[in-house]
Amino acid sequence: MKIPVLDFEVYRLGENVTDETLMELSRNLRTAFTEIGFVYLRNTGIGQEEVDAVMEISKKFFLLPAEDKIPLSRTSNTCNYGWVAPETEKLNPYRPGDLKEAFNITSLHPDAAWPAEDVVPGFRQTIESFFMRCKDLSLRVLRVMALSLDIDVDIFVNSHKGIGSDLNKSTLRILHYPPVRHEMVKEGQLRCGEHSDYGSITLLFQDSKGGLQVMNRSGEYIDAPSIPGTVLINIADLMQRWTSDVFISAKHRVLLPPPGDVSTRQSVAFFAHPDDDVTITCCDGSNKYPPVKSWVYILERFNDSYGKMETTS
Ligand code: CA
């Protein structure tokens, strides 16, 4: 199955509608999330020009010299914010470090790390406002998902109300994949190793460079190219568990460009997680998985990807 493209127009940001209006969308979303775990949504209300502006200002940040980025480094799994240098992270722990760098914004708390305003003018404002747009869209998608499962329609939304605050670890992550010099690549190294995401759902915006692949149910990787004007959304592991494996959290990866291609790649991902203190219990009433506290589960996954880091707060 290919990754479906759905029209989100009826529930785009700003539209308020009755649940009956959302039935067709919810059926199609359910099919996508049960059969492949990924979907492209168009007409969400987040315009391509907004995404382009985030990409442009992100690039300015990533092109800063390392000495400007090092003081903003991510230093702990408890506070997931900050800069992650190339080859620091192994999303597949059996491969060498990923050939990517990232900057994470976990909450909009005043203590979060930001480059100085005179170093990248407008960066914080642009990124913070995009964070909130992603929050709003995530809540809408979560609502349609609950509708599609014929459960309490607000169950997921009510568990994500703290997004953006210190009570929730949802993260906006801007990513930069520098030019690849093939003679320097280690055996088995990729731009991003095979992994599945940790939380509820992920929103992904990518430039036109390609490389992302998603594993389908037959175990084959298929391309997930950029489709301008859409957002690519996938189910993450905690949501698969929450839905007793009805929704699939599919593995994905980012391949190297072909030899000789020295182009960069950029993407922006928003990882929606439930509020830290929410207990996740199978929403069908079964006990397929024991209840788990959202933050306990997510922190365990960070420890697997980064190693157990010293926690600074
Ligand atoms: Ca991912």
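**A tour from the calcium ion to the largest pocket**

In sequence the donor residues of the calcium ion follow the spacing H-x1-D-x54-H. The structure on display is a predicted model, in which local features need pLDDT of at least 70 and side-chain atom pairs count only at pLDDT 80 or more, while totals for chains, interfaces and linings use all residues. Residues are numbered from 1 along each chain as its sequence is written, and side-chain values use heavy atoms, with hydrogens and water left out.

**Stop 1: the calcium ion**

Select the calcium ion together with His195, Asp197 and His252. The ion is coordinated by NE2 of His195, by Asp197 (OD), listed twice, and by NE2 of His252, at 2.3 to 3.1 Å. Donors are N, O and S atoms within 2.8 Å of the metal (3.2 Å for Na, K and Ca); water is not among the atoms, so sites may look incomplete.

The two histidines link distant parts of the chain: His195 lies in strand 6 (residues 192–195) and His252 in strand 11 (residues 252–254), 57 residues apart. Strands (E, at least two residues) and helices (H or I, at least four) are DSSP runs, numbered from the N terminus.

Are these histidines buried or exposed? His195 is buried, with a relative accessible area of 10%, and His252 is buried as well, at 7%. Buried means under 20% relative accessible area, exposed over 50%, and partly exposed in between (1.4 Å probe, protein chains only).

**Stop 2: the sheet of four strands**

Now select strands 6, 11, 8 and 9, which form an open sheet in that order with antiparallel pairing. Strand 6 and strand 9 (221–223) stand at the edges, each with a single partner strand, so one side of each has no neighbour in the sheet. Two strands pair if DSSP finds at least two bridges between them.

Strand 8 (residues 212–215) pairs with strand 11 over 3 bridges, and Val214 stands opposite His252, one of the calcium donors. Strand 8 is also joined to strand 9 by 3 bridges, with Met215 as the bridge partner of Tyr221. In the hairpin of these two strands, 5 residues lie between them, and Gly219 takes a positive phi near 85°.

**Stop 3: the sheet of eight strands**

Next, display the open sheet of 8 strands, ordered 1-2-10-7-12-5-4-3, with mixed pairing. Its edges are strand 1 (5–7) and strand 3 (82–84). Towards the middle of the selection, examine strands 7 and 10, which run antiparallel and are joined by 4 bridges. Leu203 stands opposite Ile233 in strand 10.

**Stop 4: the largest pocket**

Which residues lie nearest the centre of the largest pocket? Select Gln48, Met55, Gln206, Asp207 and Ser226, which belong to a lining of 19 residues. On a 1 Å grid over the protein atoms alone, a pocket is an open set of points where a 1.4 Å probe fits, with protein on both sides within 12 Å along at least five of seven lines; lining residues have an atom within 4 Å of a point.

Helix 2 (48–62), strand 7 (201–206) and strand 10 (230–235) each supply at least two lining residues. The largest share, 4 residues, comes from helix 2.
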